[in-house]
Amino acid sequence: MIVTIKDDFDADKIMRSGQCFRVVQTEYGYRFITGSHVLYMKPLTETKYDISCSRYQWNHTWKPYFDWNRNYKSIREALPESDPCLYKAASYSSGIRILRQDPWETLITFIISQRKSIPAIRSAVEALAKAAGKPVKTPYEIIYTFPTPKELSKLSLEELKSCSLGYRAPYIYDTVKAAVKTPGIMKKIGSGC
């Protein structure tokens with residue numbers, strides 16, 4: 001399906017921004033993952049993209065994920081040129097959108113991110129997904145979902161350490177145990193998104 005995006009959007013800047021760690025550029029386009037949904041977006045022009053999902057999935061999963069109800073271009077253009085620092089930062093980051101990510105994945109990746117480079121964070125997140133997530137077969141590859149608290153709770157502390165988590169493994173282990181003991185806590189945390 002072809003979509004036209006008239007607002008600020010730059011998949012490459014989003015991928016490199018450090019707000020999410022599972023976006024990759026493939027020969028099939030930029031691959032985004034949220035929950036069990038996988039999207040490939042291949043740029044055709046500056047505003048047109050070939051996307052790998054149905055219109056329904058685009059409207060109900062990906063539009064909220066990319067925050068399409070907010071016009072980032074109009075916000076950026078409303079910034080006063082009299083504040084050169086803010087104006088320059090907004091111009092430089094044009095195209096980055098604030099993704100509506102899963103709160104659980106965001107929490108765990110935040111813990112992983114402490115004193116790690118973006119490539120190292122990506123590697124650890126993928127290792128966790130492969131260790132405890134569910135496989136999803138796309139037309140191009142098999143990827144793994146980010147594990148739920150229950151799925152992660154099946155990993156021992158040693159198995160978590162084997163995912164290149166280093167000193168973060170006990171913090172993730174404790175976070176997982178707390179989340180499993182308190183069902184619904186992530187829904188409460190995520191309700192503000």
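This report describes the open sheet, the salt bridges and one buried arginine of a predicted model.

Residues are numbered from 1 along each chain as its sequence is written, and side-chain values use heavy atoms, with hydrogens and water left out. In this predicted model, local features need pLDDT of at least 70 and side-chain atom pairs count only at pLDDT 80 or more, while totals for chains, interfaces and linings use all residues.

## The sheet

Helices (H or I, at least four residues) and strands (E, at least two) are DSSP runs, numbered from the N terminus. Two strands pair if DSSP finds at least two bridges between them. Five strands form an open sheet with antiparallel pairing, in the order E1-E5-E4-E3-E2. Strand E1 (2-4) and strand E2 (24-26) are the edge strands, and each pairs on one side only. From one strand to the next, the twist averages 35°; axes are lines fitted to C-alpha atoms, for helices over the stretch in contact, and angles run from 0 to 180 degrees between N-to-C directions.

At the E1 edge, three bridges join E1 to strand E5 (residues 48-51), and the two run antiparallel. Val 3 has Tyr 49 as its bridge partner in E5.

At the E2 edge, three bridges join E2 to E3, again in antiparallel fashion. The bridge partner of Gln 25 in E3 is Tyr 30. E2 and E3 form a hairpin, with two residues between them.

E3 is also joined to strand E4 (residues 37-43) by five bridges, and these strands run antiparallel. Tyr 30 has Met 41 as its bridge partner in E4. E3 and E4 form a hairpin with two residues between them, and Gly 35 in the turn has a positive phi of about 60°.

For burial, the classes are buried (under 20% relative accessible area), exposed (over 50%) and partly exposed (in between), with a 1.4 Å probe and protein chains only. Six of the six residues of strand E3 (residues 29-34) are buried, so this strand is largely enclosed by the rest of the structure.

## Salt bridges

Side chains of opposite charge can pair when their charged atoms come close. A salt bridge here is a side-chain nitrogen of Lys or Arg within 4 Å of a carboxyl oxygen of Asp or Glu. By this rule there are nine salt bridges, including the three in the table.

| Positive residue | Negative residue | N to O distance |
|---|---|---|
| Arg 100 | Asp 67 | 3.3 Å |
| Lys 134 | Glu 151 | 3.2 Å |
| Lys 161 | Glu 158 | 3.6 Å |

The salt bridge between Arg 100 and Asp 67 links distant parts of the chain, 33 residues apart: Arg 100 is in the loop between helix H4 (84-92) and helix H5 (103-113), and Asp 67 is in the loop between helix H2 (55-65) and helix H3 (72-78). Arg 100 counts as partly exposed, at 30% relative accessibility, whereas Asp 67 is buried, with a relative accessible area of 7%. Asp 67, Arg 70 and Arg 100 are linked in a network of salt bridges. Contact means heavy atoms within 4.5 Å. Leaving aside its neighbours within four places in sequence, Asp 67 is in contact with Tyr 72, Arg 97, Ile 98 and Arg 100.

The salt bridge of Lys 134 with Glu 151 also links distant parts of the chain, with Lys 134 in the loop between helix H6 (118-132) and strand E6 (135-137), Glu 151 in helix H7 (residues 149-152), and 17 residues separating the two. Glu 151 counts as buried, at 12% relative accessibility.

Glu 158 and Lys 161 are three residues apart in helix H8, so about one helical turn separates them. Glu 158 is exposed, with a relative accessible area of 53%, and Lys 161 is partly exposed, at 37%.

## Arg 168

Arg 168 lies in the loop between helix H8 (157-165) and helix H9 (169-181). In assigning charge, Lys and Arg count as positive and Asp and Glu as negative; His and the chain ends are not counted. Arg 168 is buried yet has no salt bridge, and the nearest side chain of opposite charge, Glu 158, is 14 Å away.

What does the side chain of Arg 168 reach at 3.5 Å? The backbone oxygen of Arg 115 lies at that distance. A polar contact is a pair of N or O atoms within 3.5 Å; within protein, one must be able to donate a hydrogen and the other to accept it, and residues adjacent in sequence count only if both atoms are side-chain atoms. Leaving aside neighbours within four places in sequence, Arg 168 is in contact with Ile 111, Ile 112, Gln 114, Arg 115 and Lys 116.
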